[in-house]
Amino acid sequence: MKYLIVGIGNKGEEYAETRHNIGFKVAEKIAEKIEAPFKSSNFGLLAEGKYKGRKVFILKPDTYVNLSGNAVKFWMQKENIPLENILIITDDLALPFGSLRMKMKGSDAGHNGLKSIQAQLNTQNYTRLRFGISADFSEGKQADYVLGKWNEEEREKLPERIDKFSQAALSFVFAGVQNTMTSFNGK
């Protein structure tokens, strides 16, 4: 069985520590846990490894967030990975900082990366793991906020939250989406 885990983010050093790049941070932690180094490949950096006998591809697209769907579609088709074995890791303004929510389907909730994925896959029925970044910004400042760096309190809590999210992603691979949602949602 093959799985594709995609961390959504923007390439470039200027985005490395921003809220919008939390998908990349979680992807890096997953790759570290399964000892799979990232290598430059089509549409981004790809790590290939195994987890409990299952082949796992971890992708950090280099398409920028708004075109993430191109990378997801390419790797799904190239490796013949079924839709139910895809996990998209993304930031979510609607959730409090660090909150974890896995969903099997749903709207893009205004997230341009998810819009791109839905457009390329022609469906909203794929699993996503949402990392709460809260919505602590004034009107008209959303872009500045999501592309901004974490505050000191958030930075202190990030390592534990990133680890928890990587555990949830690997649970998705081994235990399935229903068991993972039961075990991790809201944690």
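Where is the place of S134? In this predicted model, S134 sits in the loop between β7 and α4. Its phi is positive, about 65°, although S134 is not a glycine. That is worth a second look on your screen, since most residues other than glycine have a negative phi. S134 counts as buried because its relative accessibility is 17%, and the cut-off for buried is under 20%.

Now turn to N80, which also has a positive phi, near 55°, in a residue other than glycine. You will find N80 in the loop between α2 (68–79) and β5. Is N80 buried or exposed? With a relative accessibility of 66%, N80 counts as exposed, because exposed means over 50%.

From the loop that holds S134, step back into strand β7, which covers residues 127–132 and includes R130. Arginine may not be the residue you have in mind for a buried position, but R130 has a relative accessibility of 4% and therefore counts as buried. What does the side chain of R130 reach at 3.0 Å? The partner there is the backbone oxygen of S107. S107 also appears among the residues that R130 touches, leaving aside those up to four places away in sequence. That list includes the charged neighbours D92, R101, K103 and D108, and it also takes in T90, L95, S99, L100, A109, L114 and F165.

Next, let us look for open space. Rolling a probe the size of a water molecule over the atoms shows where empty space is left. The largest pocket has a volume of about 330 Å³. Its lining is made of 19 residues, and those nearest the centre are H20, G110, H111, N112 and Q142. Strand β5 (86–92) and helix α4 (142–146) each give at least two residues to this lining, with α4 providing the largest share, three residues. By class, eight of the lining residues are nonpolar, seven polar and four charged.

The second largest pocket has a volume of about 220 Å³. Which residues are the closest to its centre? They are N10, K11, G12, F24 and K60, out of 15 that line this pocket. Two or more lining residues come from each of α1 (22–33), β3 (44–51) and β4 (54–61). Helix α1 supplies the largest share, three residues. The lining of the second largest pocket divides into six charged, five polar and four nonpolar residues.

Technical notes: Residues numbered from 1 in each chain as written. Predicted model: local features only at pLDDT ≥ 70, side-chain atom pairs only at ≥ 80, totals over all residues. Heavy atoms only, no water. Helix = DSSP H or I, 4+ residues; strand = E, 2+ residues; numbered from the N terminus. Buried < 20%, exposed > 50% of the residue type's maximum accessible area, 1.4 Å probe, protein only. Polar contact = N/O pair within 3.5 Å; in protein donor to acceptor, adjacent residues only side chain to side chain. Contact = heavy atoms within 4.5 Å. 1 Å grid on protein atoms, 1.4 Å probe; cavity = no way out; pocket = protein on both sides within 12 Å on 5 of 7 lines; lining within 4 Å. Points joined across faces, edges and corners; volume = space filled by probe spheres on them.
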